[in-house]
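Please work through the exercises below with the sequence and the coordinates at hand. Each task is followed by a stepwise solution.

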Amino acid sequence: MAEIENKHNELGSILIQKDAIASIARQSTLQSYGVVGLAPKNLIENIRQLFNKDAKYGVEVEFDHDGLVIDIFIVVEYGTRIKSITNSVVNSVKYNVEKTVGLPVRRINVHVRGLRISNMD
Amino acid sequence: MSAVELSKLSTAERHELVPVPINGQGLKTLLEAGMIWLKTNQQTVNSLNVFPVPDGDTGTNMVLTMQAAFDEVATSGASNVGQFAHSIARGALMGARGNSGVILSQIWRGFARALDDHPTMDVKLLADALEEAKATAYKGVVRPVEGTILTVIKDIAAQATVSVQRTSSFTEILWDIVEAANASVERTPDLLPILKQAGVVDSGGKGLLFIFEGMWRFINGDSLDKAVTEVLPLSDMDLENAMETVEEGQDYEVVIDFTPKSTFNLEEYYDELSKIGTSIQVGEGEGIYRMHIHVPLDSRYLPIDHTMNLGTIQKVMMENLVAQMDERKNNKNPKLKLTPVKPDEIAVVAVSPGSGLSRIFASLGVAAIVEGGQTMNPSIKELLASFENLPTDKIIILPNNKNIIMAAKEVASMTVKNVAVIPTISVPQGFSAMFRLIPDSDFDETVEAMNEAMGEVEIGEITTATRTVEIDGVQVEEGQVIALHNGKLITSTQTIEEACEALLIAANTGDYERITLFYGEDIQLSHVNDLADKIRSIYPSHEIEVHEGGQPHYQLIISIE
């Protein structure tokens with residue numbers, strides 16, 4: 001599993017797994033207003049999700065020297081303003097990841113994979 | 001209606017606007033009252049924003065969302081409350097800004113769904129609609145965070161449902177709702193630790209409270225235009241003009257920049273300050289607060305002592321107002337308010353011979369003014385410097401004097417910016433051209449329009465001859481008054497009155513509608529007013545205006561259009 005080295009000190013290094021970062025991104029996405037669920041990135045993940053709950057479900061984390069690149073796949077409530085919702089997902093994921101992990105977030109891509117229709121007006 | 005207009009209505013008039021049961025028009029009035037009260041308290045809501053991103057715009061976002069909702073129904077005359085609510089919900093959805101705006105739009109959506117197609121809304125339906133609003137708002141998120149606007153709408157709905165069992169008075173229920181919302185907002189820090197750490201209540205919840213409070217204040221006959229406490233963004237603080245309102249005995253102006261501690265309470269701070277002095281303004285930007293106050297000599301250090309207890313002071317500025325006021329009185333050239341240029345818009349540079357004329361140019365929207373003309377021509381360097389730092393490369397120069405046109409054209413060839421010179425030979429031509437300026441329109445079209453407009457005005461100039469000479473067939477003695485029409489000498493006379501009359505005849509004034517006199521620094525205002533009266537008696541159907549031009553040498557510049 002890929003690990004991102006965050007800090008050195010005289011006693012050793014701190015290594016953070018991408019899964020850990022994905023969990024944080026996932027949590028703050030699900031707390032964002034208007035997001036009613038995450039969506040599989042692809043068919044394989046969709047099938048895998050049936051057998052095994054995965055922290056990375058709907059979230060992909062990459063790292064290069066400039067910072068983290070996070071892709072998030074979401075389902076949004078029908079009848080909300082998608083632009084506002086995706087903006088707030090970006091803001092809150094960036095804020096929470098940077099605050100808790102201390103690594104700079106370079107890009108966040110939000111993919112709206114579907115709408116949930118719970119009420120028709 | 002504006003906040004002030006709404007606030008002026010009597011209680012009876014207000015009740016007439018909101019008949020019970022509520023119809024569409026009544027709901028519109030309530031919506032407007034809620035929106036205005038929120039707008040009045042916008043900065044208070046903005047100052048609460050800490051989560052998740054401390055960007056301080058919740059109040060603004062909610063106001064814009066409410067505004068979009070209101071705009072959707074502003075001109076609607078529909079009386080069916082259900083259809084009306086659906087329009088509001090649609091407007092809110094389309095205009096939803098930010099997290100709290102989206103939640104607000106969902107609240108309206110649920111509210112509208114419950115009203116369905118009902119012609120009017122009684123208290124029972126109101127309670128049902130609020131329950132539906134809550135349910136819809138909660139459906140929008142997988143893991144609702146409590147201690148936010150969601151909690152507040154939940155508590156409001158619960159209170160409304162309880163209250164309808166007790167009373168059927170709309171006013172009473174609205175009051176119960178406001179009280180419940182207030183209590184709910186106060187509880188938000190207990191539910192959401194980050195609010196407690198920051199020492200604030202939830203901003204979105206507070207915004208929702210203001211909306212309902214505005215509705216109640218309207219029904220109850222309270223004013224909507226005066227905020228409880230006010231925090232301005234730093235850029236909106238008007239410290240220049242605060243000077244105009246210096247009260248007797250308030251000798252010192254104190255401005256303090258500080259970062260407040262987490263326990264900072266704005267309302268208490270305001271209360272304390274109002275005991276010390278007057279003209280209080282508090283602004284906020286990126287976590288730094290700026291406080292402005294006028295205080296008497298003896299208590300000039302009190303604001304500093306007081307603020308020191310509440311936060312870390314970054315900077316203190318103190319000025320003696322009495323000395324400053326004297327200086328201001330002696331200063332004939334107060335700072336001009338030029339129009340800021342947005343990137344890539346057209347900017348106009350005007351050459352102006354007098355302070356009064358500069359002020360008029362400024363009010364017409366020029367981006368830069370170069371002093372000069374008549375006797376002191378501005379240098380090419382001055383002209384160049386006036387626009388070099390403007391964030392656009394579309395520049396129009398109004399030379400307003402035939403001796404400056406050449407220099408202006410020279411400037412155009414010396415810069416990489418796209419410069420057009422409108423060959424105005426006088427100030428009124430410059431004014432006339434300015435009326436055609438649309439900063440964000442096509443450059444070439446604007447230049448063409450301004451060139452055209454320049455010729456639509458007849459120009460008169462009245463001055464005193466400095467030597468004896470014969471020009472254009474007119475014999476002039478030194479010290480005589482001379483009149484120029486469109487730059488051409490037409491007569492020399494003993495008095496300004498005679499010169500004006502001859503000029504107005506030469507310019508075929510009878511064919512025009514308006515005469516404007518710009519008087520220079522060499523003539524008394526009373527003299528100009530007498531002159532204006534005389535002109536009025538000759539041309540009774542013309543509009544006659546008098547403005548201070550402040551130009552040297554020329555007693556009058558006259559435009560006839």
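Three exercises follow, on an interface, a helix pair and a buried helix face.

The model is predicted: local features need pLDDT of at least 70, side-chain atom pairs count only at pLDDT 80 or more, and totals for chains, interfaces and linings use all residues. Residues are numbered from 1 along each chain as its sequence is written, while chains are lettered from A and ligands numbered from 1 in the order in which they are written.

**Exercise 1.** Determine how many residues each chain gives to the contact of chain B with chain A.

Solution. Step 1: with contact defined as C-beta atoms, placed from the backbone, lying within 7 Å, chain B gives 22 residues and chain A gives 21. Step 2: on the chain B side, helices H7 (98–115) and H8 (123–139) of chain B each supply two or more residues. Step 3: H7(B) gives the most, with 10 residues.

**Exercise 2.** Describe the packing of helix H22 (residues 496–506) against helix H23 (residues 525–538), both of chain B.

Solution. Step 1: the angle is about 40 degrees and the axes are 11 Å apart, the axes being lines fitted to C-alpha atoms over the stretch in contact and angles running from 0 to 180 degrees between N-to-C directions. Step 2: H22(B) contributes B:Ile496, B:Glu497, B:Cys500 and B:Leu504, and H23(B) contributes B:Leu531, B:Lys534 and B:Ile535.

**Exercise 3.** Identify the buried residues of helix H19 (residues 402–414) of chain B.

Solution. Step 1: applying the criterion for buried (20 or more other C-beta atoms within 10 Å of its own, C-beta atoms being placed from the backbone) yields B:Ile404, B:Ala407, B:Ala408 and B:Val411. Step 2: these residues fall within an arc of 105 degrees seen down the axis of H19(B), so they line one face of the helix.

How values were computed: Two residues are in contact if their C-beta atoms, placed from the backbone, lie within 7 Å. Helices (H or I, at least four residues) and strands (E, at least two) are DSSP runs, numbered from the N terminus. A residue is buried if 20 or more other C-beta atoms lie within 10 Å of its own, exposed if 12 or fewer, and partly exposed in between; C-beta atoms are placed from the backbone. The arc is that of the directions from the helix axis to the C-beta atoms.
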